[in-house]
Every structure is written in C-alpha cells, then in structure tokens.
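Before reading on, take a moment to look over the chain and the small molecule shown with it. The report below is meant to be read with the model open beside it.

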Amino acid sequence: MNYDYLVVGAGLFGATFAYEAAKRGKRVKVIEKRDHIAGNIYTKEVDGIQVHQYGAHIFHTSNKEVWDY
Ligand SMILES: Cc1cc2nc3c(=O)[nH]c(=O)nc-3n(C[C@H](O)[C@H](O)[C@H](O)COP(=O)(O)OP(=O)(O)OC[C@H]3O[C@@H](n4cnc5c(N)ncnc54)[C@H](O)[C@@H]3O)c2cc1C
C-alpha cells in the first residue's frame with residue numbers, strides 16, 4: 001500500500017498531524033513504539049483516577065476552540 005506520509009510516533013504532534021492530513025484525503029501510516037497512543041501526555045486509569053504516567057501535565061489554554069479540539 002502507498003502512503004503520502006509516514007508519521008513516527010503517535011504523540012500529540014504525530015496524532016494531530018495524522019488526523020489533519022487524513023481529513024484532507026492523505027494516506028498516513030503511523031508507527032508507535034509504545035503500547036499506547038498520546039506520547040508523554042498519556043494517562044492511565046488506576047482505581048478510577050487518571051494518572052499521568054510520564055509526569056503531571058496541565059493543558060495551558062483558555063482558548064475554547066483549542067480546548068474543544
Ligand atoms: C514530565 C513532563 C511534564 C510536562 N508538562 C506539560 C504541561 O503541563 N503542559 C504542556 O503543555 N506540556 C507539558 N509537557 C510537554 C508535552 O508533554 C510535550 O510538549 C508533548 O507531549 C510533545 O508531544 P510530541 O507528540 O511532540 O512528543 P511525545 O509526546 O514525546 O510523542 C512522541 C511519540 O513518539 C514515539 N516514538 C519516539 N521514537 C519513536 C520511534 N523511533 N519509533 C516509533 N515511535 C517512536 C514515542 O513513543 C512517543 O509516543 C511535559 C512534558 C513532560 C516530559
């Protein structure tokens with residue numbers, strides 16, 4: 001199969017790029033070495049609590065459009 005883009009890593013950047021490129025009709029292959037997506041912002045549910053596995057993250061924006069996205 002042919003692809004327009006090969007994205008290495010399904011973190012915030014790779015996942016967003018792949019999503020936007022696919023929306024525009026591009027064929028994208030994403031490879032990820034970890035067993036989950038989201039890169040360093042990944043959270044894992046432990047006893048009903050979302051634990052930030054790679055360190056605490058705060059989403060710094062007051063922009064509603066960005067937040068909703
Ligand atoms: C402890 C900590 C706290 C932070 N706190 C904040 C915060 O409060 N607010 C904020 O805005 N930002 C914060 N950041 C920064 C934020 O995590 C990054 O800006 C953001 O996650 C970067 O996204 P990224 O997609 O560029 O990279 P990453 O999230 O690093 O994703 C890269 C992905 O690529 C994969 N990968 C790498 N090499 C390969 C390979 N050879 N093959 C396949 N896959 C590969 C990795 O496994 C990973 O999943 C923090 C970062 C850390 C480490």
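What follows describes the overall fold, then the ligand, then the largest pocket.

**The chain as a whole**

The model is predicted, and its protein chain contains 2 helices and 4 strands. Followed along the sequence, these elements come in the pattern β-α-β-β-β-α. The radius of gyration of the protein chain is 14 Å, which is well over the 11 Å that the globule rule gives for 69 residues, and the chain is therefore more spread out than a compact globule. Along its principal axes, the C-alpha trace of the protein chain spans about 40 × 30 × 15 Å.

**The ligand and its surroundings**

There are 18 residues around the ligand, and of these F13, E32, N40, H57 and I58 come nearest. Sorted by class, the shell around the ligand holds 8 nonpolar, 7 polar and 3 charged residues. Polar atoms of the ligand and of the protein also pair up, and the table sets out three such pairs.

| Ligand atom | Protein partner | Distance |
|---|---|---|
| oxygen | F13, polar backbone atom | 2.8 Å |
| oxygen | E32, N or O atom in the side chain | 2.6 Å |
| nitrogen | K33, polar backbone atom | 3.1 Å |

Taken alone, the ligand exposes 1000 Å², and the protein buries 57% of that area. In the pair with E32, the protein atom belongs to the side chain, whereas in the pair with F13 it belongs to the backbone, as it does in the pair with K33.

**The largest pocket**

Which residues line the largest pocket? The lining is made up of L12, T16, I41, H52, H57, I58, F59, E65, V66, W67 and Y69. The elements that give two or more residues to this lining are α1, which runs over 12-23, and α2, which runs over 64-68. Of the elements, α2 gives the most to the lining of the largest pocket, with 3 residues. About 370 Å³ of space lies in this pocket, and by class its lining has 7 nonpolar, 3 polar and 1 charged residues. H57 and I58, which are among the residues that come nearest to the ligand, also appear in the lining of the largest pocket.

How values were computed. Residues numbered from 1 in each chain as written. Predicted model: local features only at pLDDT ≥ 70, side-chain atom pairs only at ≥ 80, totals over all residues. Heavy atoms only, no water. 1 Å grid on protein atoms, 1.4 Å probe; cavity = no way out; pocket = protein on both sides within 12 Å on 5 of 7 lines; lining within 4 Å. Points joined across faces, edges and corners; volume = space filled by probe spheres on them. Nonpolar A, V, L, I, M, F, W, Y, C, P; charged D, E, K, R; others polar. Near = heavy atom within 4 Å. Polar contact = N/O pair within 3.5 Å; in protein donor to acceptor, adjacent residues only side chain to side chain. Areas by Shrake-Rupley, 256 points an atom, 1.4 Å probe, with all protein chains shown as cover. Rg over C-alpha atoms; globule rule 2.2 N^0.38 Å.
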